[in-house]
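Me: I'm new to this, so could you take one part of this model and walk me through it slowly? I'd like to look closely at the place where the two chains meet.

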Amino acid sequence: MAEELILKGKLSEDIVKEISREKGEPEWMREMRLQALKLFNRMKDPLWVKGLENLKLEDVVFYSSPRVMARDWDDLPEHIRKVYEKLGLPEQEKRFLAGLTATFDSENVYHKAKELLESMGVIMLPMEEAVQKYPDLVRKYFGRVFPMGEHRYAALHYALWSGGTFVYVPKGVRVPFPLEAFFYIYKEEEWQFEHTLVVADEGSYVHFIEACAAPTMQTISFHDGVVEVYAHRNAHVKFTTVQNWSRDILNFNNKRAIAEEGAFIEWIEGSIGSRESYVYPSVVLKGEGSRTHMNVFTLSRGPYVKDSGAKVFHMAPNTKSTIVSKSISSDGGVSIYRGLIRILKGARNAVSTVSCDSLLLDNESEAHTYPHAQVEEPSAVFTHEATTGKLSDEQLFYLRSRGFDEDEAKVMAVVGFIKDILREMPLEYANALKTVLEADFSRSVG
Amino acid sequence: MMREIARVIDVPYQPYGDSPTIKSYTRWEEIGRHVGRGNVYITGALPTVLSESELRIENKLLREHFIHARAYVVRERTVTVKVEDAAAHIYGAPDVLITEGSGSIVMEGGGKDVLHIHRGGTVYVHIFLRNGSVTSIVRDGEDSHVRYDVEGLGGEMGIRGVAYGKRVDVVTNLFIKGGAKGLVEYTLLVPPGGFLVHRGFGKLLKGSKGGKVHMDSSYILAPGGFAVSVPSIEVYHGDVRGASHESRNLSLTEDQLFYMKTRGLSTKEAYRLYVEGIVKERVGEAYHYIEDIVETFTSLLDV
């Protein structure tokens, strides 16, 4: 096995070139990285982000590769395999996944696409491998859905991206089982920049799941990923995220999908862990009759901030969007919903419905909601409603009168509050999320 | 003397017997009649910075009348009104504030209900009240920025209003402390080519136990117009009665229009009726203005 490679120090052109060289990338990708670095150095921090100002671009592990790529769990080094076994990944893969890519620090270390996928013509590869094997296909979409100029940390991502998955589903193919990418940060001071690109061709269907975890660390790490989804005519893409980073991770994830005529995008965003989190999945409804349904769930426990939301751009007639956001704050946690609905002129009969509910479990916690509606089309139907409230004494009293103790009653109320989100998730993930919440809240609530 | 006052405030003098009843034309109903003619305004400073020399009022009785005036019309001026003692009504905020033209007006008042009418022009208006409410009408606004801050410790307070014009930015902020209850209801009437923004915060601050806030932001959008609605809420206390907001497009739908037309109304009449209903709901108290607002807006709709 080759020796592990770690690139640490001050962010520079040399580091970017070294990453590109290590991956044996084509010229266009190297140029893209360098262009992104220049952009990053020129741009200022986004005004809406708080908490990243203390990030130092020195003494950071920008790239760390165990230099291993296994197609079988047994081929992984023991310390890596043990991590995934503890997380139950091999078992999950066996039971209900059609393909899995596992990213460890900066690089993919395990990848397996079941034969079924190959027989259907589905391409599922680690991102680096896809760049090598399908350069034209990757180049057509890479960085076109979420461009590097969007903000400073998008530029940083494009300069340093490493790991992640590429998926292409051919015309009319419906992938019967979910595909998954799992990200794990193992090293102290390690920053992760994985890139996920899902392309669904005409009339196809795919469900992609991404999940992440990290151990408790001494220092703060930064996760700056990008997810790009392109749904061609009448395609249906379901994208589920279960984010459960440790409290030492600043999570800044950039997600966007483009939907062509009649396409349907579903986002399910579950944000449980991390110290501070900035995630706003967004959809560009580009084609007539395209639709999106977005479910966003955030849990902010302890003195941490969850800044999440959803954005939709209606650019064509008869487009439809539904956003449901649920957030829970406890133990001094801060939940923020930041959303945007943009309905352009000509998006006739567009319909957008936004609903966000926040639940406060104690007096120290906070919940903020910042919805933006920008509408140019008079025939568009737009409604937004939001409520913030506390767990009512009546609810608790009712449950206690049915024989539940106070903790059980609170857990039931919390799980009931997010039942709409749980219903949208694969059963295994919904149960896992429910178990985490039950364990979490039975200890902390009250 | 009466002629002198009339000259200074530029209001046609209307004698009422022997009594120098300034109230007769500083009552809102009286002012309302003159507003459309554009010839009612105060060129002097507002009461807290009032000096005799500026207004040249020699008669003390008349000056008292003026200070007690219930309506101020401020045109092409930059003025500041500060109220140190909310209970001191003599220097309290006016019931009616009419602003017009360029300049900026900063008004800090006590517990009051204020009707504010902005009649267009480039202006920055900032009204800060404690435990009060604002009814707002922004008419023919062009590059207008209007901001209301209402802070409450208890009781009920609110900001209601409508705005229309070319480029208008209305900010409505409610700061709730204690168990106060706050409500914002604002509607933008966006004509063709208009760019109107309504934004604001409903904040339940630390210590707002039992507090409640609701923000309702809506708009009627004409083709070619652009509406932006940002009704934000921030809750800094867990034990609140609730915080909520909503935002809607209230434009007349094809089904609604069809229904009204089957009842014998023309398209124009249907629009008038519909807009009037919405405007009345928001600023019913300022009934003098409703007809004018509805007529002006619907005439721009090209229906």
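Reply: Here is a walk through the place where chain B meets chain A.

A bit of housekeeping: this is a predicted model, where local features need pLDDT of at least 70 and side-chain atom pairs count only at pLDDT 80 or more, while totals for chains, interfaces and linings use all residues. Residues are numbered from 1 along each chain as its sequence is written, chains are lettered from A and ligands numbered from 1 in the order in which they are written, and side-chain values use heavy atoms, with hydrogens and water left out.

Let's start with who touches whom. On the chain B side, 32 residues are in contact with 29 residues of chain A (contact means heavy atoms within 4.5 Å). People often give the size of an interface as the accessible area lost when the parts come together. Here the buried area is about 2,400 Å², and carbon and sulfur atoms give 52% of that (buried area is the accessible area, with a 1.4 Å probe, that two parts lose on being put together, summed over both). Three residues stand out: F226(B), G238(B) and H245(B) supply 19% of the area that chain B buries against chain A, more than any other three residues.

Now for the charged and polar links. There are two salt bridges between chain B and chain A (a side-chain nitrogen of Lys or Arg within 4 Å of a carboxyl oxygen of Asp or Glu). In a salt bridge, K206(B) meets E366(A), at 4.0 Å from N to O. You'll also find 16 residue pairs in polar contact between the chains, both residues at pLDDT 80 or more (a pair of N or O atoms within 3.5 Å; within protein, one must be able to donate a hydrogen and the other to accept it, and residues adjacent in sequence count only if both atoms are side-chain atoms).

Which parts of chain B do the touching? Strand 11 (212-221), strand 12 (226-235) and strand 13 (242-249) are the elements that give two or more residues to that side (strands are DSSP runs of E, at least two residues, numbered from the N terminus). Strand 12 of chain B gives the most, with 10 residues.

Finally, look at strand 13 of chain B again: this strand pairs with strand 25 (residues 381-390) of chain A in the antiparallel sense, over six bridges (two strands pair if DSSP finds at least two bridges between them). Within that pairing, R248(B) in strand 13 has T383(A) opposite.

Terms used. Helix = DSSP H or I, 4+ residues; strand = E, 2+ residues; numbered from the N terminus.
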